[in-house]
Amino acid sequence: VSHKTKNSHYLKHITLVDKALLWIEAQDLYSYIPEKNFFFLPTREEKIALISELKLDVFIDDLLEVLEDRNFPDIHKLFFCPDSQELNSWVKIKDHFKVME
């Protein structure tokens, strides 16, 4: 679940959702997650509402303001931050879930 403006603020001809979908494909994520389970919404409020509707157990985000939003559901939150020593890579996120098993 992501919120993306349609076009880059700097390069108006670049469609951000298309770039995100290309990245998802390059990471081979479709072999783990069905395409229908990727959501791109225009606003943070709509993103948080969908997260609530989906009744997820865990949500990973790279925007702290999303995880700290007063409307964010009461679920396990993981902050993905490349500058952090905590969860700064997908390898560490995978390791985190192995510990939770």
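This section describes helix H2 and the salt bridges in which its side chains take part, as seen in a predicted model.

In helix H2, which spans residues 44-54, the residues Lys47, Ile48, Leu50 and Ile51 are buried. These four cover an arc of only 160° around the helix axis, which puts them on the same side of H2. Such a pattern accords with helical geometry, since an α-helix has 3.6 residues a turn, so residues three or four places apart point the same way. On the other side of H2, by contrast, Glu45 and Glu53 are exposed. The buried residues of the helix pack against strand S1 (2-3), strand S2 (40-41), strand S3 (58-61) and helix H3 (64-67). Just after the end of H2, Lys55 adopts a positive phi of about 55°.

The count of salt bridges comes to 2. In one of them, the side chains of Lys47 and Asp61 meet with an N to O distance of 2.4 Å; because Lys47 lies in helix H2 and Asp61 in strand S3, the pair ties together parts that are 14 residues apart in sequence. Both Lys47 and Asp61 are buried, and Lys47 thus belongs to the buried set of H2 described above.

The other salt bridge joins the side chains of Arg44 and Asp69, at 4.0 Å from N to O. This pair links distant parts of the chain, with Arg44 in helix H2 and Asp69 in the loop between H3 and strand S4 (76-79), 25 residues apart. Arg44 is partly exposed, its relative accessible area being 27%, whereas Lys47 is buried.

Definitions and conventions: Residues are numbered from 1 along each chain as its sequence is written. This is a predicted model: local features need pLDDT of at least 70, side-chain atom pairs count only at pLDDT 80 or more; totals for chains, interfaces and linings use all residues. Side-chain values use heavy atoms; hydrogens and water are left out. Buried means under 20% relative accessible area, exposed over 50%, partly exposed in between (1.4 Å probe, protein chains only). Helices (H or I, at least four residues) and strands (E, at least two) are DSSP runs, numbered from the N terminus. The arc is that of the directions from the helix axis to the C-beta atoms. Contact means heavy atoms within 4.5 Å.
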